[in-house]
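Welcome! Let us walk through this structure together, starting at its surface and working inward.

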Amino acid sequence: MLRKNKKVKFNKFFAWFEMIVIDHGFLRLCYNNFHKVNNDIYRSNMPTPLRIKKYSKLGIKTIINLRGARKDGGWLLENEACIKYNIKLIDFKARSRAAPDKEMIFNAEKLFNTIQYPALIHCKSGADRAGIMCALYILIKEKKDAIVANKQLSWKYLHLKWAKTGILGSFVEEYRSENEKTNVKFMDWVRKNYDPLILEQKYKSNWWVNKLVNNILKRE
């Protein structure tokens, strides 16, 4: 879902409290999970207004928020900061514990072809949804192979492949396997061969890693 930046009135104290305490933003104050993918794409966890100011000095023109359109404290502060520093904020919904659906992939293709670069892609932790979106960018926009794309879903970014979130890496591997057999292009494979339901039925995660991700790390 795309949104235009619009000023929204809100209570800043409660917004900061919600972002730092309820949304576990205090953890992100210590570690930003910020990385440069290439000259056009950066990735990170949920940024604070101060970080958005810093990113604006890097020349970032677009921020893609993979948590979707929401009116919690983090989003309100992010939206305000993007307006202040003349950055386009785009709300784009992605999933971390299910195979990417075809509509999301098609929308991602349109997004990559229309946004201004450089762009920052972020979710809550910067590990899973940011990873699959950067992998899609590499496959769709850069047209590189799946081995390169799958590097965006690694421990380096705190992605845990043994949890339910590991299905994102399995999605990329599914394409890699098919590409090695038939040399099919990625978007052709998505349109004609890819079936999210079949992938979800095949994928098995580890229960204790799921508890770590869901109950302790509080990932979305």
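On the surface, F13, F14, F17, V21 and I22 make a nonpolar patch of about 540 Å². Please keep in mind that what you see is a predicted model. One member of the patch, V21, sits in helix α1, which covers residues 12-22. V21 has a relative accessible area of 42%. Since buried means under 20% and exposed means over 50%, V21 is therefore described as partly exposed.

Now let us go inside. The largest nonpolar core has 43 residues, and those that touch the most other members are I105, M133, L136, F171 and F186. The elements giving two or more residues to this core are helices α5 (102-114), α6 (129-140), α7 (146-150), α8 (167-182) and α9 (186-192), together with strand β5 (119-122). Among these, α6 gives the most, with ten residues. To get a feel for the packing, try looking at I105. Leaving aside residues up to four places away in sequence, I105 touches P100, L136, I140, F171, F186, M187, V190 and Y194. Another core lies apart from this one; it has twelve residues, including Y55, A81, C82 and L89.

Strand β5 deserves a longer stop. Which of its faces are covered? Both are: A119 and I121 are buried on one side, and L120 and H122 are buried on the other. β5 also has strand partners. It pairs with β2 (residues 41-44) in the parallel sense, over four bridges, and within this pairing H122 is the bridge partner of S44. Strand β3 (residues 62-65) likewise pairs with β5 in the parallel sense, again over four bridges. There, L120 in β5 stands opposite I63.

Following the chain out of β2, you come to the loop that leads to α3 (49-57), and this loop holds T48. Is T48 buried or exposed? Its relative accessibility is 13%, so T48 counts as buried. Beyond residues up to four places away in sequence, T48 touches M19 and L29.

Finally, let us turn to the charged side chains. How many salt bridges does the structure hold? There are eleven. In one of them, the side chains of R67 and D23 meet at 2.8 Å, N to O. R67 belongs to the loop between β3 and α4 (73-84), while D23 belongs to the loop between α1 and α2 (25-28), so this pair ties together parts that are 44 residues apart in sequence. R67 counts as buried, because its relative accessibility is 3%. D23 is buried too, with a relative accessible area of 9%.

Other salt bridges involve residues that are partly exposed. E142 and K144 meet through their side chains at 3.8 Å, N to O. E142 is partly exposed at a relative accessible area of 27%, and K144 counts as partly exposed at 42%. In helix α9, the side chains of D188 and R191 form a salt bridge of 3.6 Å, N to O. These two stand three residues apart in the helix, which means that about one helical turn separates D188 and R191. D188 has 31% relative accessibility and counts as partly exposed, as does R191 at 43%. Elsewhere, D23, R28, R67 and K124 are joined into one network by salt bridges that share partners.

Conventions
Residues are numbered from 1 along each chain as its sequence is written. This is a predicted model: local features need pLDDT of at least 70, side-chain atom pairs count only at pLDDT 80 or more; totals for chains, interfaces and linings use all residues. Side-chain values use heavy atoms; hydrogens and water are left out. Patches are made of residues with over 30% relative accessible area and no salt bridge: like charges are joined within 9 Å, nonpolar side chains (Val, Leu, Ile, Met, Phe, Trp, Tyr) within 5 Å. Accessible areas come from the Shrake-Rupley method with a 1.4 Å probe; for residues, only the protein chains shown count as cover. A salt bridge is a side-chain nitrogen of Lys or Arg within 4 Å of a carboxyl oxygen of Asp or Glu. Buried means under 20% relative accessible area, exposed over 50%, partly exposed in between (1.4 Å probe, protein chains only). A nonpolar core is a set of buried Ala, Val, Leu, Ile, Met, Phe, Trp, Tyr and Cys residues joined through side-chain atoms within 4.5 Å. Contact means heavy atoms within 4.5 Å. Two strands pair if DSSP finds at least two bridges between them.
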